[in-house]
Amino acid sequence: MARAHNFSAGPAVLPLSVVEQLQEALPEFRDTRLGLMELSHRSAAFGEVIASARERLKRLLAVPEGYEVLFLQGGASLQFYMSALNLTAPGEAADYVLTGSWTKKALKEAARACDAKAIWDGGETGWKRVPRPGEYAPRDEAVYVYYTSNNTIFGTRWAEPPAVGEHHLVCDASSDICWGPMDVARHDVIFAGAQKNLGPSGVTAVILSPWAVERSRTAGQSRPGGLPSMLDYGLMVDKGSMFNTPNTFGVFALERVLAWLEDLGGLAVMAERNREKAALLYDELDRTDFWRPHAERDSRSLMNVTWRCADPELEPVFVKEADAAGLVALKGHRSVGGLRASIYNACPRESVEALVDFMRDFERRHG
Ligand SMILES: Cc1ncc(COP(=O)(O)O)c(C=O)c1O
């Protein structure tokens with residue numbers, strides 16, 4: 001059976017060349033005479049893999065000197081709590097810009113660790129956009145401001161990081177990390193579940209500034225009893241992400257995805273491709289009243305394109321017919337309905353072209 005055009009929000013499409021390398025590594029990994037998943041994480045061979053993954057991510061994102069890169073488990077959802085727990089002492093303030101479901105979940109978890117507060121709530125404008133400068137103001141005492149660079153469910157994104165003056169910045173970049181270049185130096189914590197743009201589920205990339213590591217060792221450790229080992233950024237840094245057994249398969253897959261990105265020319269090239277792919281789809285959505293794009297223009301995501309049919313009753317028909325035509329996973333998130341095409345880095349332009357062709361045909365038949 002042929003591989004379908006995959007528009008899944010995550011786990012999501014991987015480069016076929018990477019999937020083939022995984023397949024090859026399973027029975028016998030390089031010259032180890034052991035299979036990839038049967039190899040000790042303390043082996044020299046795996047040590048090379050995790051070091052290479054770290055170096056590649058640093059090169060691709062131009063991570064500043066002194067920053068740390070970790071590969072942890074527990075998903076982005078664990079980082080909701082872990083970031084707050086490490087960066088604050090009990091009772092300290094942290095401010096959250098709510099642009100969708102994932103920021104709301106992050107706020108809820110952070111509130112267990114500190115005085116976490118929403119300073120803007122996109123629910124009041126239907127989650128159609130991110131805020132404009134001047135619509136939100138961090139509290140003076142806030143230790144950091146938290147945002148989600150790309151909102152997977154609603155299909156919105158920040159074109160630039162929030163303007164928060166001298167405040168430290170924490171970013172959930174799960175659904176757009178490595179979509180293109182990013183100003184890492186402006187951030188103190190960036191985390192991302194790998195299962196959209198970086199590889200399989202089960203690995204979370206975490207980038208920490210020297211300040212963030214220092215806060216973990218001071219504010220975080222000042223908590224009664226100190227930080228639990230598995231939630232301790234400082235310890236994870238000291239142990240090179242190997243305090244306990246990492247997801248060896250996932251880290252290898254991620255390293256191969258990063259190699260694929262470097263081989264094709266890096267993030268500037270990727271950004272160009274992503275802009276072109278997204279433009280194909282948004283042009284189609286803007287072409288006719290048959291479609292109703294969800295996000296306001298200046299907040300449109302390049303990774304998750306969300307829309308409705310003018311006649312919502314046609315949406316399940318669209319999803320079903322698209323699936324039969326080899327275009328899979330176009331149903332909107334269960335919490336919002338509608339339609340969504342996730343067109344991450346590994347989603348080829350041909351898949352987007354096939355989707356646009358299908359949309360035109362669908363309109364002809366149902367319009
Ligand atoms: C922006 C964003 N943050 C966090 C998450 C949660 O990630 P995880 O399932 O890795 O905990 C997701 C998952 O889709 C997401 O899109």
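# Close-up views of a predicted two-domain model

**View 1. The largest nonpolar core and its best-connected residues.** In this predicted model, the largest nonpolar core is built from 87 residues. Those with the most contacts inside this core are F71, W307, F318 and L355. Both domains take part here: the core draws at least three residues from each of domain 1 (16-263) and domain 2 (266-366). Elsewhere there is a second, separate core of 35 residues, with A76, A106, W127 and L231 among its members.

**View 2. The surroundings of F318.** Let us zoom in on F318, one of the residues with the most contacts inside the largest core. Setting aside neighbours within four places in sequence, F318 is in contact with W291, W307, L330, L339, L355, F358, M359 and F362. Two of these names, W307 and L355, also appear with F318 in the list of residues with the most contacts inside the core.

**View 3. An open sheet of three strands.** Here the strands follow the order β11-β12-β14, and their pairing is antiparallel. The edge positions belong to β11 (291-293) and β14 (339-342); each has a single partner strand, so one side of each is left without a neighbour in the sheet. On average, and ignoring direction, neighbouring strands of this sheet are turned by 30 degrees against each other.

**View 4. The pairing of β11 with β12, and the helix across the sheet.** Three bridges join β11 to strand β12 (residues 304-309), and the two run antiparallel. For a landmark, look for P293, which stands opposite W307 in β12. W307 is a good residue to recognise, as one of those with the most contacts inside the largest core. Helix α8 (residues 267-287) lies across β11, β12 and β14, and runs at about 20 degrees to β12.

**View 5. A parallel strand pair and its crossover.** Strand β3 (residues 93-98) and strand β4 (residues 115-121) run parallel and are joined by six bridges. Within this pair, Y96 stands opposite A118 in β4. Follow the chain onward from β3 and you pass through helix α4 (residues 101-110) before reaching β4; this β-α-β crossover is right-handed.

**View 6. Where the two domains meet.** The domain assignment of the protein chain gives domain 1 (16-263) and domain 2 (266-366). Their C-alpha centres lie 27 Å apart. Across the boundary, 28 residues of domain 1 are in contact with 26 residues of domain 2.

Definitions and conventions: Residues numbered from 1 in each chain as written. Predicted model: local features only at pLDDT ≥ 70, side-chain atom pairs only at ≥ 80, totals over all residues. Heavy atoms only, no water. Pairing = 2+ DSSP bridges. Helix = DSSP H or I, 4+ residues; strand = E, 2+ residues; numbered from the N terminus. Right-handed = clockwise from strand over helix to strand, strands pointing away. Core = buried A, V, L, I, M, F, W, Y, C linked by side-chain atoms within 4.5 Å. Buried < 20%, exposed > 50% of the residue type's maximum accessible area, 1.4 Å probe, protein only. Domains from an automatic or database assignment. Contact = heavy atoms within 4.5 Å. Axes fitted to C-alpha atoms, helices over the stretch in contact; angles between N-to-C directions.
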